[in-house]
Amino acid sequence: YYTVQFFDVVGTGSNFDVGALYTTASSEYSLTAKNTLPNSKIRYNDGHFESLPFQLAGSMKHDIKDFQLLGQLTLRQEHILHAFAAEYFPSFLPFFSLRTGFKQHLTVTKKRLQNGSFGVGLHLYGLNFHYAFEKSDYIPMDNTSYFSVSTAF
């Protein structure tokens with residue numbers, strides 16, 4: 001179910017996503033299909049509508065010693081986009097991690113752009129602190145910093 005709001009314009013719609021996950025001792029593979037029901041739309045209270053495009057994504061994660069390697073191919077609006085990332089968990093610093101990544105995305109006009117990122121993580125007593133910096137060739141969203149705190153229970 002979707003709800004989108006821009007000031008006093010509100011849009012609602014629905015669709016269906018489905019996915020599968022396969023796990024081995026050192027790897028994970030997933031396949032996800034989004035917006036699988038054809039011709040679904042978000043309808044806005046001003047009379048406009050927006051189609052919900054079909055998307056298909058295949059992802060993998062592979063552990064090699066102190067590293068996690070991640071990759072993804074996505075079919076979105078007749079474009080194949082890719083993303084790659086790596087995370088390093090140094091065995092001599094079990095509370096620390098380093099990350100780097102690269103991804104492609106589409107603008108509203110279907111122009112293909114790409115982002116690079118790097119980040120660090122600190123894992124202390126069940127709390128996780130993460131910082132990431134993203135460099136983009138999409139000017140309105142260039143040089144973005146992210147910070148998060150999480151816990152698992």
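Is E134 buried or exposed? Keep that in mind while you load the structure, which is a predicted model; the tour gets to E134 in a few stops.

**Stop 1: the open sheet**

Start by selecting β1, residues 2-6. This strand sits at one edge of an open sheet of 4 strands, and β6 (49-51) is the other edge, each of them pairing on one side only. Walk across and you pass the strands in the order β1-β2-β5-β6, with antiparallel pairing. Neighbouring strands here are turned by 20 degrees against each other on average, direction ignored.

Now zoom in on β5, residues 41-44, which runs antiparallel to β6 and is joined to β6 by 3 bridges. Pick R43 and look across to β6: F49 stands opposite.

**Stop 2: two loop residues with positive phi**

Go back to the loop between β1 and β2 (9-13) and click on F7. Its phi is near 55 degrees, a positive value in a residue other than glycine. That's worth a look because most residues other than glycine have a negative phi. F7 counts as exposed, at 82% relative accessibility.

Next, jump to K65, in the loop between β7 (55-64) and β8 (67-76). Here too phi is positive, near 50 degrees. K65 has 83% relative accessibility, so K65 counts as exposed.

**Stop 3: a nonpolar patch**

Switch on the surface and select L31, F54, L56, L73, L75 and I80. Together they make a nonpolar surface patch of about 540 Å². L31 belongs to strand β4, residues 27-34, and with 47% relative accessibility L31 counts as partly exposed.

**Stop 4: the salt bridges**

How many salt bridges does the structure hold? There are 3, and you can take them one by one.

Stay in β4 for E28, which forms a salt bridge with K61, the closest N and O atoms being 3.8 Å apart. This pair links distant parts of the chain, since E28 is in strand β4 and K61 in strand β7, 33 residues apart. E28 counts as partly exposed, at 31% relative accessibility.

Move on to E87 and R99, where the closest N and O atoms of the salt bridge are 2.8 Å apart. E87 is in strand β9 (residues 79-88) and R99 in strand β10 (residues 96-106), with 12 residues separating them in the chain. Colour by accessibility and E87 comes up as buried at 11%, while R99 is partly exposed at 25%.

Then select E134 with K103, a salt bridge whose closest N and O atoms are 3.7 Å apart. It ties strand β12 (E134) to strand β10 (K103), 31 residues apart. Back to the opening question: E134 is buried, because its relative accessible area is 11% and the cut-off for buried is under 20%. K103, by contrast, counts as partly exposed at 36%.

**Stop 5: along β12**

You're already on β12, so select the whole strand, residues 127-136, along with β11, residues 112-124. The two pair in the antiparallel sense over 10 bridges. Where the hairpin turns there are 2 residues between the strands, and Y125 takes a positive phi near 50 degrees. Right by the turn, L124 has L127 in β12 as its bridge partner.

Which strand do 8 bridges join to β12? Select β13, residues 144-151, which runs antiparallel to β12. To finish, click on N128 and find S150 standing opposite in β13.

Note on methods: Residues numbered from 1 in each chain as written. Predicted model: local features only at pLDDT ≥ 70, side-chain atom pairs only at ≥ 80, totals over all residues. Heavy atoms only, no water. Pairing = 2+ DSSP bridges. Axes fitted to C-alpha atoms, helices over the stretch in contact; angles between N-to-C directions. Buried < 20%, exposed > 50% of the residue type's maximum accessible area, 1.4 Å probe, protein only. Patch = residues over 30% accessible without salt bridge, like charges linked within 9 Å, V, L, I, M, F, W, Y side chains within 5 Å. Areas by Shrake-Rupley, 256 points an atom, 1.4 Å probe, with all protein chains shown as cover. Salt bridge = Lys/Arg side-chain N within 4 Å of Asp/Glu carboxyl O.
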